[in-house]
Amino acid sequence: MAYNKRVDGRKLDQLRPMEAKAGIIPNADGSAFFKIGKTIAYAAVYGPRELYPKFLQDPKKGIIRCHYSMMPFSGSGERIRPGGNRRSQEISMVMDAALAPVIDLSAFPNAVVDVFVDLPQTDAGTRCAAISAAAIALADAGIPMKDLISSVAVGQVDGTVVADLCYDEEAYDAIVSDIPVAMTHNTQEITLLQMDGEISKADLIKALELAQKATGEIYQLQVKALKEKYSGAKNDYQ
Amino acid sequence: MIKEREIVVPGECLAEGLDYLPGENTYREGDKIFAKVLGLTGISGRVLKITALSGPYVPRVEDKIIAKVIDITMNGWRMSTGTAYSAMLNVKDATTRFVNRDEDLSKILAIGDYVVVMISKVTSQNLIDLYMKDPGLHKISGGRLIKINCQKVPRVIGKQGSMITLIKDKTGCNITIGQNGIVWIKGEPDKELLAEKAIKFIADNSHQEGLTDKMQAFLGGADHGLQ
């Protein structure tokens, strides 16, 4: 039986309800909140600051270092052991690679920009939510960037190409593929492309076309979040 | 084509065609000019620039900053500038008096002291040299230090220092603003608090216009509450 009705009743190209906010952590240099469906990401940016251990320093430009972390009871299953693990290490690494192409740290040799992303609640698409949140936080921190990065997962569930898979779709009892994609906005360059599962060539092309449209929607929200921060007067003085 | 004083995000297109030139915090790609940081647009003649609303401090020669002594070396002090780069203050640039070769430098400046200093040299790798012999450069004692984002410093100072003069006049505090965003306030304790609130208000609302008037009302008001 073909998958033509999604488990949560969305249209095939419809993303889960999203919400984003910039500048939510006062002590951080830049911060953001990004929510897509039941997945929530908080990103905080610190730096540029001194980079240690010293062998990581690059005398030609500053580097970006992401720290991805799922909180202990963020998943729907068992408690997740907090702190780093193999999975978070890999995701932190792909986040670095996804964000680095647009970030210009040539004015900050030997320094590092740290991006901490915490996920208090997750329902698939965490690395995409993390990247989208990190991009808002980096812009909020005033880090020179050529463009924003928007990220969303696309995939195929039992032969049907869909956007933004939720956990129930990822775990659907059929052939499923989950493809997280991150893209720059202006040039539509792909900075993250991973895949789990199986997909045909034709479907992959279809999925990536869908990703183009979906990341566009994320971009609009990111821009809105950044502009909203400066829309009204601030007046929270004790 | 973008309007003046509009908020733009990184990667936003500011203008098309070759009529305009990319200024501060912008870049050209093909025949388009894009923003490089989150900030307010500014147009001066044919040049488009962005005034950043937040961002790291980039050290520049002749900037007056407030730095903290973090280490003492053979011939001077290592200072923290509140950025990714520490700075050096040489003994000969710190004081006009004769310093003996075996003198204990911590008698002049101890670890943890804050000083108002001038940047005398910056290299491409952001190695910073400091200077402390000019009038107005000195060790800090008393008062309170607050930190604001360095991009808000020009707003807190105001045109020809109008904003900071206003706060100084109304609160009677001594205020020194470092370009790196560290502000030293010294005066009566309650007035210090008022000055601190005023500076934080300006920093948080720097993207708005007519701040001097708001500040006048804030500092002139009897209850000192922000409306």
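This is a short talk on a predicted model of a complex containing chains A and B.

Thanks for coming, everyone. Let me start with confidence. The predictor gives the complex an ipTM of 0.91, together with a pTM of 0.94. For chain B, the average pLDDT is 92, and 97% of the residues score at least 70. As a general caution, predicted coordinates should not be read in detail where pLDDT is low.

Now to where the two chains meet. How many residues of chain A are in contact with chain B? The count is 31 residues on chain A, and they touch 25 residues of chain B. On the chain A side, β3 (39–50), α2 (126–140) and α4 (201–229) each supply at least two residues. Which of the elements gives the largest share? That is β3(A), with four residues. Sorted by class, the chain A side has 16 nonpolar, seven polar and eight charged residues.

While we are on β3(A), please look at the prolines. A:Pro48 is in strand β3 of chain A, and the peptide bond joining A:Gly47 to A:Pro48 is cis, with omega at about 5 degrees. A little further along, the bond from A:Tyr52 to A:Pro53 is cis too, with omega near 0 degrees. A:Pro53 is in the loop between β3 and β4 (63–70) of chain A. There is also a backbone angle to point out at A:Gln188, in the loop between β8 (176–184) and β9 (190–193) of chain A. Phi of A:Gln188 is near 55 degrees, a positive value in a residue that is not glycine. For context, most residues other than glycine have a negative phi, and most peptide bonds are trans.

Staying with chain A, let's turn to a helix pair. The axes of helix α1 (residues 86–99) and α2(A) come within 10 Å and cross at roughly 45 degrees. That angle makes α1(A) oblique to α2(A). From α1(A), the contact uses A:Ile91, A:Val94, A:Met95, A:Ala98 and A:Leu99, and from α2(A) it uses A:Arg127, A:Ala130, A:Ile131, A:Ala134, A:Ala135 and A:Leu138. By class, that contact has ten nonpolar residues, no polar ones and one charged. The crossing of α1(A) and α2(A) is right-handed. Remember that α2(A) also came up earlier, as one of the elements supplying at least two residues to the side that touches chain B.

Over to chain B, and its sheets. Five strands close into a barrel here, in the order β8-β9-β10-β12-β11, with mixed pairing. Neighbouring strands of this sheet are turned by 55 degrees against each other on average, ignoring direction. Within the barrel, β10 (residues 86–90) and β12 (residues 128–131) run parallel and are joined by three bridges. If you want a residue to find on screen, B:Ala87 stands opposite B:Ile128 in β12(B).

Chain B also has an open sheet of four strands, ordered β1-β6-β7-β3, again with mixed pairing. Which strands stand at its edges? They are β1 (7–8) and β3 (21–22), and each has a single partner strand, so one side of each is left without a neighbour in the sheet. Inside that order, β6 (residues 39–44) and β7 (residues 47–52) pair in the antiparallel sense over six bridges. Here B:Gly42 stands opposite B:Lys49 in β7(B).

Last, the helices of chain B, with α4(B) as our anchor. The axes of α2 (residues 162–171) and α4 (residues 211–220) of chain B come within 10 Å and cross at roughly 5 degrees. The two helices are therefore roughly parallel to each other. On α2(B), the contact is made by B:Ser162, B:Met163, B:Leu166, B:Ile167, B:Lys170 and B:Thr171, and on α4(B) by B:Thr212, B:Met215, B:Gln216 and B:Leu219. That contact has five nonpolar, four polar and one charged residues.

What about α3 (residues 189–204) of chain B? Its axis and that of α4(B) come within 11 Å and cross at roughly 155 degrees. That makes α3(B) roughly antiparallel to α4(B). The crossing of this pair, α3(B) and α4(B), is right-handed. Here B:Ala198, B:Phe201 and B:Ile202 in α3(B) meet B:Leu211, B:Met215, B:Phe218 and B:Leu219 in α4(B). This contact has seven nonpolar residues, with no polar and no charged ones. Notice B:Met215 and B:Leu219 of α4(B), which take part in the contact with α2(B) and also in the one with α3(B).

That's my tour; thanks for listening!

Notes. Residues numbered from 1 in each chain as written. Chains lettered and ligands numbered in written order. Predicted model: local features only at pLDDT ≥ 70, side-chain atom pairs only at ≥ 80, totals over all residues. Pairing = 2+ DSSP bridges. Axes fitted to C-alpha atoms, helices over the stretch in contact; angles between N-to-C directions. Parallel < 35°, antiparallel > 145°, perpendicular 65-115°, else oblique. Contact = placed C-beta atoms within 7 Å. Nonpolar A, V, L, I, M, F, W, Y, C, P; charged D, E, K, R; others polar. pLDDT = per-residue confidence, 0-100. Left-handed = near helix turned anticlockwise from the far one by under 90°.
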